[in-house]
Amino acid sequence: MNSSEFADPRRPRRLRQTGALRTLVREATLAPSDLVYPLFVQHGQGLRTEIASMPGQARLTTDLLPTEIERVAKLGIQAVLLFGLPRTKDEIGSENFASDGIVQQAIKTAKDTVPEMLIVTDVCMCSYTVAGHCGLLGRDGRILNDESLALLARTAVSHAKAGADLVAPSGMLDGMVHALRTSLDDAGFDFTGILSYAVKYASSFYGPFREAADGAPKHGDRKTYQMDPANRAEALKEVALDIEQGTDMVMVKPAMAFLDVVHAVKQAFPAVPLAAYNVSGEYAMLKASAQAGWISEQDAVLELLLGIKRAGADAIISYHAPDVAAWLSQ
Ligand code: PBG
């Protein structure tokens, strides 16, 4: 007998009662195998350079890489994304495609340490050139789109030669995927995959990364190539083009303020594996509020990453990856 005259027999709360029942009816899941951990590598020996705006993250020299790769592999992380800081920058970013470049060395070291670890490499110019833009800069200050493609393709082939499994062009230049796919195939790397940063917004949430990778533009901003945060339909155009050009996976970046875009891309292209990049500024924001004691880091991060999965991402690139893997195994 119901004690209230207003009692409604429909009770959705029934399914929320016990741990096992809640888990049984859970829609989205989060596992260490969903995660990709970004790593910054630099020249030198025995050098761990903390990144002030990203507490817990550091640039490592390659001699410190084996310990780090082993640590994250033990936690269940199966993929890392490498970013390199060159010894010197020049006009064309020569170290990008040098066989002994920092990323090429790091790929070999990582593969020697844990051969099963999936190695993804960022393919871009901004950390390697003096101008700090994602493509070559013309005299008039404009990005030389098509002239940049050959150098980016050369970089991708060089990463593939060193052992990369997936190359990830992040410059938002037109035609990048076509250039990389053709060059990889011509060089015999038809099984090296492409994870394109298909949908990358001109975001203020990359600030800490630019400190980490020393890749801020000398002049101007990235608005002529990265997308306007106001646009969602345009994301579908970018993804369609990258698929036509032969990308294996696509990415939406950043994640937190763009979950509607993650959802729209998954709805429109359900068969294409989708990654979302939980970027440096999102990490910094959560770290700062956790350090101030204003938020529970573990609860907030797990909620955010689950939200990214629920929105439609298959994989999440996150600086929180090792922490999340450890929390999930508790
Ligand atoms: C390079 C690149 C950037 C990031 C990934 N690759 C910086 C940018 O485009 O300005 C940002 C990653 C992050 O903020 O965590 N093009």
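What follows is a short exchange about a predicted model, covering two helix pairs, the ligand surroundings and two backbone details.

Biologist: Why are H2 and H3 called oblique to each other?

Modeller: Helix H2 (residues 65-74) and helix H3 (residues 102-113) pack at an angle of about 50°. Roughly parallel needs an angle under 35 degrees, and roughly perpendicular runs from 65 to 115. The angle of about 50° fits neither, so H2 and H3 are oblique. Their axes lie 9 Å apart.

Biologist: Which residues make that contact?

Modeller: H2 brings Leu65, Pro66, Ile69 and Glu70. H3 brings Ala106, Thr109, Ala110 and Thr113. By class, that is 5 nonpolar, 2 polar and 1 charged.

Biologist: What is the hand of the crossing of H2 and H3?

Modeller: H2 passes H3 in a right-handed crossing.

Biologist: What makes H10 roughly perpendicular to H11?

Modeller: Again, the angle. Helix H10 (residues 297-311) and helix H11 (residues 321-328) pack at about 100°, with axes 11 Å apart. The range for roughly perpendicular is 65 to 115 degrees. About 100° falls inside that range, so the term applies.

Biologist: Which residues meet there?

Modeller: From H10, Glu297, Gln298, Val301, Leu302 and Leu305. From H11, Asp323, Val324, Trp327 and Leu328. The contact divides into 6 nonpolar, 1 polar and 2 charged residues.

Biologist: Now the ligand. Which residues come nearest?

Modeller: There are 19 residues around the ligand. Lys200, Arg210, Lys253, Ser280 and Tyr319 come nearest.

Biologist: Why does the pair between Ser280 and the ligand count as a polar contact?

Modeller: The test is a pair of N or O atoms within 3.5 Å. A polar side-chain atom of Ser280 lies 2.7 Å from a ligand oxygen atom, so the pair passes.

Biologist: What are the distances for Ser170 and Lys253?

Modeller: For Ser170, a polar side-chain atom is 3.3 Å from a nitrogen atom of the ligand. For Lys253, the distance to a ligand nitrogen atom is 3.4 Å. Both values are within 3.5 Å, so both pairs count as polar contacts.

Biologist: Lys253 also borders a proline. What is the peptide bond from Lys253 to Pro254, cis or trans?

Modeller: The bond is cis, with omega near -10°. Pro254 sits in the loop between strand S8 (249-253) and helix H8 (259-268).

Biologist: What is the sign of phi at Met172, positive or negative?

Modeller: Phi is near 55°, a positive value in a residue other than glycine. Met172 belongs to the loop between strand S6 (166-169) and helix H5 (176-186).

Notes: Residues are numbered from 1 along each chain as its sequence is written. This is a predicted model: local features need pLDDT of at least 70, side-chain atom pairs count only at pLDDT 80 or more; totals for chains, interfaces and linings use all residues. Side-chain values use heavy atoms; hydrogens and water are left out. Axes are lines fitted to C-alpha atoms, for helices over the stretch in contact, and angles run from 0 to 180 degrees between N-to-C directions. Helices (H or I, at least four residues) and strands (E, at least two) are DSSP runs, numbered from the N terminus. Angles under 35 degrees count as roughly parallel, over 145 as roughly antiparallel, 65 to 115 as roughly perpendicular and the rest as oblique. A crossing is left-handed if the near helix is turned anticlockwise from the far one by less than a right angle, and right-handed if clockwise. Contact means heavy atoms within 4.5 Å. Ala, Val, Leu, Ile, Met, Phe, Trp, Tyr, Cys and Pro count as nonpolar, Asp, Glu, Lys and Arg as charged, and the others, Gly among them, as polar. A residue is near a molecule or strand if one of its heavy atoms lies within 4 Å of it. A polar contact is a pair of N or O atoms within 3.5 Å; within protein, one must be able to donate a hydrogen and the other to accept it, and residues adjacent in sequence count only if both atoms are side-chain atoms.
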